[in-house]
Amino acid sequence: MEKISLDTRHTSVLLHELVDSINISPDKQNVIVDGTLWMAGHALHIIAKLHPGDIFIWFDADIRNLELAKQRIEEHLVWEKVTITPEETVQVSAKHINIFLIHANFWTLRSALTSRWIHHITGIYYDLGLSSLHVDEAERGFSFRADGPLDMRFDTRQKLSAKDIVNHYSESELSEIFWKYGEESQSKKIAQAIIHTRKKNPIRTTKELSEILDSVHPHTKIKARIFQALRIEVNGELSMLEQSLQDAVELLKTWGIIYVISFHSLEDRIVKQFFKQESRDCICDDLICSCHHKKQLQIISKKPILPSTEETKQNPRSRSAKARHAKKC
Ligand SMILES: C[S@@+](CC[C@H](N)C(=O)[O-])C[C@H]1O[C@@H](n2cnc3c(N)ncnc32)[C@H](O)[C@@H]1O
């Protein structure tokens, strides 16, 4: 097994909890998916558990993060020979594990896998949200603490950015996303202030937006909620998660594990409700089932898994993390 040292400022959340939960069969081929690769913190530990012939599929919507993860893995693993095919398939020939680096949203899970002739998986995990690099780099426009363009796209091939939303959505659309995705009680006032300002000049930067928010009510929490709401809308985060979970469960083999770490209540609610729905029995009173519901999951964690006090002390970002996992029946 390769020795892995994780000497970086990035610290993976619930690392051992997640890695220990992903079952690796000793005698059958394992096909594992990391839906949100970034610094491959979880992935490096999973690789150490895999066997020759196993398949590991890595998704990230952000090409820059995917490239950095590849560099990091090259530093940490002993690569006897690395071959990158046009489909971005990297073979770790030291252990004969086939790794597929896929620059795509995990929403495309089904098509991305089936187009590579992968029809079944034995485990999948998601560590949702943005990376620390996204927050630190002003030019990506994710943070209200630094001045940058209003962007917020994970995938820069995408057209819709935060600037388009702020300058072109109607007052009611803006108010709705601030309420729905930011749970901000002053969403109407904020939407009105945006419309009022953009009539004079387009709103182009995070600083300009922050100043509008300050004019309504100067509070960091409000800025955090509005920036979160815009990010969710730009990247379609909630709808994509639901779609991907559905596809993941269909692709999972019996006893396969699905593990999701989320960082805000809206994501966690989706995961919780999805697991609940997929783990319930058919509720038809009829002798012959007419609802066509088939139980697909068995919930492993009845309550969400939270980081330990030790972890939250060492990594304050982990404070808001909640994980849930389930097994395919
Ligand atoms: C919290 S980081 C993952 C950290 C990683 N597990 C580690 O330990 O190094 C989340 C990553 O997921 C990516 N991401 C977010 N939403 C995505 C989506 N819908 N599809 C694919 N990647 C996504 C982001 O670009 C970011 O790099």
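Over which residues does pLDDT stay under 50, with 10 contacts beyond four places in sequence? Select residues 1–7, where pLDDT (the predictor's confidence in each residue, from 0 to 100) stays under 50. For these residues the model has 10 contacts beyond four places in sequence, two residues being in contact if their C-beta atoms, placed from the backbone, lie within 7 Å. The structure is a predicted model, in which local features need pLDDT of at least 70 and side-chain atom pairs count only at pLDDT 80 or more, while totals for chains, interfaces and linings use all residues. Residues are numbered from 1 along each chain as its sequence is written.

Next, select residues 80–86. Here too pLDDT stays under 50, and the model has six contacts beyond four places in sequence for this stretch. Across the protein, pLDDT averages 90, and 91% of the residues score at least 70.

Now colour the domains, whose bounds come from an automatic or database domain assignment. Domain 1 covers 15–132 + 238–328, and domain 2 covers 138–235. Their C-alpha centres lie 30 Å apart. At the interface, seven residues of domain 1 are in contact with six residues of domain 2. On the domain 1 side, four of the residues are nonpolar, two polar and one charged. In this grouping, Ala, Val, Leu, Ile, Met, Phe, Trp, Tyr, Cys and Pro count as nonpolar, Asp, Glu, Lys and Arg as charged, and the others, Gly among them, as polar.

Turn to the ligand. There are 22 residues around the ligand (C-beta atom, placed from the backbone, within 6 Å of it), and Ser12, Thr36, Trp38, Met39 and Gly41 come nearest. This shell comprises 10 nonpolar, nine polar and three charged residues. Both α2 (41–47) and β2 (55–60) supply at least two of its residues; helices (H or I, at least four residues) and strands (E, at least two) are DSSP runs, numbered from the N terminus.

Select His76 in helix α3 (residues 63–76). His76 counts as partly exposed because it has 18 C-beta neighbours inside 10 Å; 20 or more would make a residue buried, and 12 or fewer exposed, with C-beta atoms placed from the backbone. The C-alpha atom of His76 is separated by 8.3 Å from that of Leu44, 32 residues apart along the chain.

Finish at helix α9 (residues 206–216), whose buried residues are Thr206, Leu209, Ser210 and Leu213. Viewed down the axis of α9, these buried residues fall within an arc of 100 degrees, so they line one face of the helix. The arc is that of the directions from the helix axis to the C-beta atoms. Among the elements covering them are α6 (162–168), α8 (187–200) and α10 (220–235).
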